[in-house]
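Reader: Please give me a close reading of one part of this model, the metal site, and then carry the account outward to the other parts of the chain. I would like the geometry spelled out with its numbers, and the reasoning shown wherever a label depends on a threshold.

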Amino acid sequence: MDRKRAEFLSRAGKAFDRMFGADGQNSLVTFAQREDRACEVTDELARWLMGEHIALDPSGPSSVEAACPICGGPMRYESAAQAESEVREFQTRRGKIEYRRAAARCPRCRKIFFPA
Ligand SMILES: [Zn+2]
C-alpha cells in the first residue's frame, strides 16, 4: 500500500505540474483551456485509482456471485496470483479503464470460466 500511495502522489505531482507548469500558468489562458486541462489530469488520476482498486479485487468490478453455466452451482474466484486472468475493458464516467479479471472455477465441474 505504501508503494501504491507513493505512485499516486508521484502521479498527482505530475498532474499539478501539467496544470501549473513552471510559471504558474502553463499557457492556459481561457477558462475552457483551464477546465480542459484540469479535467484531463484528474480524469487520468481517477482512472488510475479505479484500475488499482479493481486490481486488488480478483473478481473485478462486479463482486456478484457467479453461477456455473454448466451445473448452476456457485463458482469461486481464485486468488489473483494463482488464477488465470484476462484483460477486460470497462467504461467509466471518467473514460475507459483496463483491468485484469481473474477466472472463476466451479468446484463441482472443475472448469474455469470468465463470468461476463
Ligand atoms: Zn459447475
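Author: What follows begins at the metal site and then moves through the strands, the helices and their charged pairs, and the pocket.

The model is a predicted one, and every value below is computed from it. The zinc ion has four cysteine sulfurs as its donors, namely the SG atoms of Cys 68, Cys 71, Cys 106 and Cys 109, which lie at 2.3 to 2.4 Å from the metal. Because the angles subtended by these 4 donor atoms run from 106 to 113°, the arrangement is tetrahedral; the label requires all angles to lie between 85 and 135 degrees. Along the sequence, the donor residues follow the spacing C-x2-C-x34-C-x2-C.

Solvent exposure can be given for two of these donors. Cys 106 has a relative accessible area of 1% and is therefore buried, since the cut-off for that term is under 20%. Cys 109, with a relative accessibility of 25%, counts as partly exposed. A further residue to set beside the donors is Gly 72, which belongs to the loop between H2 and E1. Gly 72 is partly exposed, with a relative accessibility of 48%, and its C-alpha atom is 9.1 Å from that of Cys 106, although 34 residues separate the two along the chain.

The strands can be taken next. E1, E4 and E5 make an open sheet of 3 strands, arranged in the order E1-E4-E5 with antiparallel pairing. Its edges are strand E1 (76-77) and strand E5 (112-113), each of which pairs on one side only. Strand E4, made of residues 104-105, is joined to E5 in the antiparallel sense by 2 bridges, and in this pairing Arg 105 stands opposite Ile 112. Another antiparallel pairing, over 8 bridges, involves strand E2 (residues 85-92) and strand E3 (residues 95-102). E2 and E3 form a hairpin, with 2 residues between them, and Thr 92 stands opposite Gly 95 of E3. As background to such pairings, side chains in a regular strand alternate between the two faces of the sheet.

The helices bring in the charged pairs. In general, side chains of opposite charge can pair when their charged atoms come close. In this model the count comes to 6 salt bridges, and a few of them can be followed residue by residue. Within H1, the side chains of Glu 7 and Arg 11 meet in a salt bridge, with an N to O distance of 3.1 Å. These two residues are separated by about one helical turn, because they lie 4 residues apart in helix H1, which covers residues 2-20. Glu 7 is partly exposed at a relative accessible area of 28%, and Arg 11 is likewise classed as partly exposed at 37%.

Arg 18, by contrast, reaches across to another helix. With Glu 40 it forms a salt bridge whose closest N and O atoms are 2.6 Å apart, and this pair links distant parts of the chain, Arg 18 being in helix H1 and Glu 40 in helix H2 (residues 31-55), 22 residues apart. Arg 18 is partly exposed at 29% relative accessible area, while Glu 40 has 39% and counts as partly exposed. A salt bridge also joins Arg 18 to Glu 44, here with 3.1 Å between the closest N and O atoms. That pair again connects distant parts of the chain, from H2 for Glu 44 to H1 for Arg 18, with a separation of 26 residues. Glu 44 is partly exposed, having a relative accessible area of 37%. Through shared partners, these salt bridges join Arg 18, Glu 40 and Glu 44 into one network.

H1 and H2 also come together in the lining of the largest pocket, to which each supplies at least two residues. This pocket holds about 170 Å³ of space. The residues that line it are Met 1, Lys 4, Arg 5, Phe 8, Trp 48, Leu 49, Glu 52, His 53 and Leu 56, and H2 gives the most to the lining, with 4 residues.

To return to the request, the metal site is a tetrahedral arrangement of 4 donor atoms around the zinc ion, with Cys 106 buried and Cys 109 partly exposed.

Methods: Residues numbered from 1 in each chain as written. Predicted model: local features only at pLDDT ≥ 70, side-chain atom pairs only at ≥ 80, totals over all residues. Heavy atoms only, no water. Salt bridge = Lys/Arg side-chain N within 4 Å of Asp/Glu carboxyl O. Buried < 20%, exposed > 50% of the residue type's maximum accessible area, 1.4 Å probe, protein only. Pairing = 2+ DSSP bridges. Donors = N, O, S within 2.8 Å, 3.2 Å for Na, K, Ca; no water. Tetrahedral: all angles 85-135°; square planar, octahedral: opposite > 155°, others 65-115°. 1 Å grid on protein atoms, 1.4 Å probe; cavity = no way out; pocket = protein on both sides within 12 Å on 5 of 7 lines; lining within 4 Å. Points joined across faces, edges and corners; volume = space filled by probe spheres on them.
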